[in-house]
Amino acid sequence: MRVTLKTERQIEKMRTAGRLLAYVHRQLHRALRPGMSTLDIDRLGEELIRSCGCVPNFKNYEGYPASICVSVNDEVVHGIPAPDRILREGDIVSLDAGLIYKGYHSDAARTWGIGRISEEDARLIRAARECFFAGISKAKEGAWLCKISGGVEDCARKYGFGIVRELAGHGIGSSLHEDPEILNYRTGRPGIRLKAGMTLAVEPMITSGKPDISVLEDDWTIVTDDGSNAAHYENTILITPDGCEVLSI
């Protein structure tokens, strides 16, 4: 395993990358409405990223064809935008996006409701966000990586939601995916010790039903096996001596 510690100059670039990605997410959220296609979201997202002088890091990554992963309802992650996939009142949609600023990546995801949604879906969305903050609450230099995983798991179980086990967070920096892998549940192993200067993408993915998932025939879109809805919340963070800094919020 090779975990990189960023210099102050590299951290400043990642702070900017995170700040710009947060702006993109805010603008996408404002634009969401019933009748919008998932391709509309992707086109707007790419336009926003490029208007910031950045490059969408998902586009063509390992063959992914779009700039924004747009996942609706039971789609957990990696939904491919399409002109005939139309958002409707009551849907929930997860937007996973990233960009490259001067050679450094940011990565963040949000789940939003379209119009008026069910209380259960609103609770699921709140829980995904809360799981993220529970996970990072004890992240600081010297802590074990498992503290993040355990915090996410405890929060999801408090709500009674399923935790997707096959997908995980990751290190991030000059590459979109770096070591270490960051699970959203405990394995009984502590993992590595966190060090100041590490940059990580922490991303709880939870379901309102069972956590079992499958990949659709497009080889990208991941859905829940039981058709239950899913929520995804992610940010890029920086480990510091006495805590962590969220870079993409």
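**Entry 1: Cysteines**

I began with Cys54, which is buried, with a relative accessible area of 3%. I note here that the model is a predicted one. I then asked how many disulfides the structure holds. The count comes to zero. Cys54 is accordingly in no disulfide, and the nearest cysteine sulfur, that of Cys52, is 5.6 Å away. A disulfide requires two cysteine sulfur atoms within 2.5 Å.

I turned next to Cys146, in helix α4, which covers residues 146-159. Why does the sulfur of Cys146 form no bond with that of Cys244? The sulfur of Cys244 is the closest cysteine sulfur, but it lies 15 Å away, and this is too far for a bond. Is Cys146 buried or exposed? I found Cys146 to be partly exposed, because its relative accessible area is 25% and the partly exposed class runs between 20% and 50%. Leaving aside residues up to four places away in sequence, Cys146 touches Arg189 and Pro190. I also looked up the separation of Cys146 from Trp112: they are 34 residues apart along the chain, and their C-alpha atoms are separated by 28 Å.

**Entry 2: Two helices**

I checked the length of helix α1, residues 8-31. At 1.5 Å a residue, its 24 residues should span 34 Å; the end C-alpha atoms are 35 Å apart, so the two values agree. I listed the buried residues of α1, among them Ile11, Met14, Leu20, Leu21, Val24, His25 and Leu28. What covers these buried residues of α1? The cover includes helix α2 (38-51) and the strands β2, β4, β5 (104-113), β9 (199-202) and β14 (235-240).

I repeated the check on helix α3, residues 119-136. Its 18 residues should span 26 Å, and the end C-alpha atoms are 26 Å apart, which agrees. The buried residues of α3 include Asp121, Leu124, Ile125, Cys131, Phe132 and Ile136.

**Entry 3: Backbone angles**

I recorded a general expectation before this search: most residues other than glycine have a negative phi, and most peptide bonds are trans.

Asn60 has a positive phi of about 70° although it is not a glycine. I located Asn60 in the loop between β1 (55-56) and β2 (68-72). Asn60 counts as exposed because its relative accessible area is 58%, and the cut-off for exposed is over 50%.

His78 also is a residue other than glycine with a positive phi, near 70°. I placed His78 in the loop between β3 (75-77) and β4 (92-101). At 24% relative accessibility, His78 counts as partly exposed.

I then examined the peptide bond from Asp179 to Pro180, which is cis, with omega near 5°. Pro180 lies in strand β8, residues 178-182.

**Entry 4: The largest pocket**

I noted the principle of the search: rolling a probe the size of a water molecule over the atoms shows where empty space is left.

The largest pocket has a volume of about 480 Å³. Which of its 21 lining residues are the closest to its centre? They are Tyr61, His78, His170, His177 and Glu203. His78, entered above for its positive phi, thus appears again here, among the residues closest to the pocket centre. I sorted the lining by residue type and found 10 nonpolar, five polar and six charged residues.

Conventions: Residues numbered from 1 in each chain as written. Predicted model: local features only at pLDDT ≥ 70, side-chain atom pairs only at ≥ 80, totals over all residues. Heavy atoms only, no water. Helix = DSSP H or I, 4+ residues; strand = E, 2+ residues; numbered from the N terminus. Expected span 1.5 Å × (residues − 1). Buried < 20%, exposed > 50% of the residue type's maximum accessible area, 1.4 Å probe, protein only. Contact = heavy atoms within 4.5 Å. 1 Å grid on protein atoms, 1.4 Å probe; cavity = no way out; pocket = protein on both sides within 12 Å on 5 of 7 lines; lining within 4 Å. Points joined across faces, edges and corners; volume = space filled by probe spheres on them. Nonpolar A, V, L, I, M, F, W, Y, C, P; charged D, E, K, R; others polar.
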